[in-house]
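Work through the two exercises below with the sequence and the coordinates at hand, and try each task before reading its solution.

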Amino acid sequence: MRILLIEDDKVLQGVVQQSLTDKGHRVDVAGDLSAAKYMWHVQPYDAVLLDLNLPSSDSQTAVPANGLHLLQERRHKGDKTPVLVLTARNRTDERIAGLDAGADDYLGKPFDLAEVDARLRALVRRSQGEDSTTQLAHLVLDRKGRRVLVHDEPLTLPAREFEVLSELMSPPGRTLSKKELSDKLSGFDEVLLDNALETFISRLRKKILNSGATIRTLRGLGYLMEEERP
């Protein structure tokens with residue numbers, strides 16, 4: 001998943017970002033409301049982790065007074081990105097206010113990092129109506145377990161190859177351009193270049209060769225994951 005973490009505490013930023021990155025997610029970090037507003041506007045995300053107590057880096061700009069106002073603003077614009085609120089504001093009335101503003105779930109600080117990941121995955125599955133397991137011919141991708149099976153045998157993939165395959169199978173049969181894949185798998189501090197993407201695609205083709213699934217290149221359009229043709 002590509003996740004936007006909106007949190008001003010530098011220590012907590014690092015801990016949460018590292019934990020989610022270790023689980024294979026792409027995590028962009030905004031430390032104040034101005035950065036959060038900009039990043040959420042220019043980049044689509046699978047989910048947002050939002051702290052409610054945030055500073056603004058620009059006193060000259062009409063920036064929402066707190067994370068709750070930012071969330072309300074995004075919802076009013078029709079943004080349906082799943083939002084998990086992380087905050088020290090853990091009273092019942094504050095949780096209700098967060099949910100009423102458009103939050104999909106709520107965790108009070110301190111929290112368990114494994115639970116953050118589990119709740120994010122549940123929110124994204126619910127929003128996309130997508131099961132964690134996708135099968136194409138004899139190729140099975142298990143996002144929750146981060147496993148790939150070919151003819152029921154495990155196929156070991158490096159993290160970046162797993163991410164590319166996961167995007168191509170979300171769902172299979174959908175054409176994805178290089179730009180779409182790059183945007184999805186890049187971060188603000190790390191861009192997935194075309195030559196790197198082509199390398200990952202080439203490696204994946206070889207590794208799934210006997211699965212009955214294949215990755216087609218559609219000239220000028222992008223990549224398509226489908227069953228091999230007889």
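Two exercises follow, one on a helix and one on strand pairing, and both rest on a predicted model.

**Exercise 1.** Determine which residues of helix H3 (residues 67-76) are buried, and then establish what covers the buried residues of H3.

*Solution.* Begin with accessibility, where buried means under 20% relative accessible area. By that cut-off, the buried residues of H3 are Gly67, Leu68, Leu70, Leu71, Arg74 and Arg75. Next, consider their directions around the helix axis: these residues lie on the same side of H3 because the arc they cover is only 160°. Then look at what packs over them, which includes strands S1 (2-6), S3 (47-50) and S4 (83-87), together with helices H2 (33-42) and H4 (92-100). Finally, step past the end of the helix, where H3 is followed by Gly78 with a positive phi, near 90°.

**Exercise 2.** Work out in which sense strand S8 (residues 147-150) pairs with strand S7 (residues 139-142) and with strand S9 (residues 153-154), and find a residue with positive phi in each hairpin.

*Solution.* Take S7 and S8 first: they pair in the antiparallel sense over four bridges, and within this pairing Val140 has Leu149 of S8 as its bridge partner. Four residues lie between the two strands of this hairpin, in which Arg146 adopts a positive phi near 50°. Turn next to S8 and S9, whose pairing is antiparallel over two bridges, with Val150 opposite Glu153 in S9. This hairpin has two residues between its strands, and His151 in the turn shows a positive phi of about 55°.

Methods. Residues are numbered from 1 along each chain as its sequence is written. This is a predicted model: local features need pLDDT of at least 70, side-chain atom pairs count only at pLDDT 80 or more; totals for chains, interfaces and linings use all residues. Side-chain values use heavy atoms; hydrogens and water are left out. Buried means under 20% relative accessible area, exposed over 50%, partly exposed in between (1.4 Å probe, protein chains only). The arc is that of the directions from the helix axis to the C-beta atoms. Contact means heavy atoms within 4.5 Å. Two strands pair if DSSP finds at least two bridges between them.
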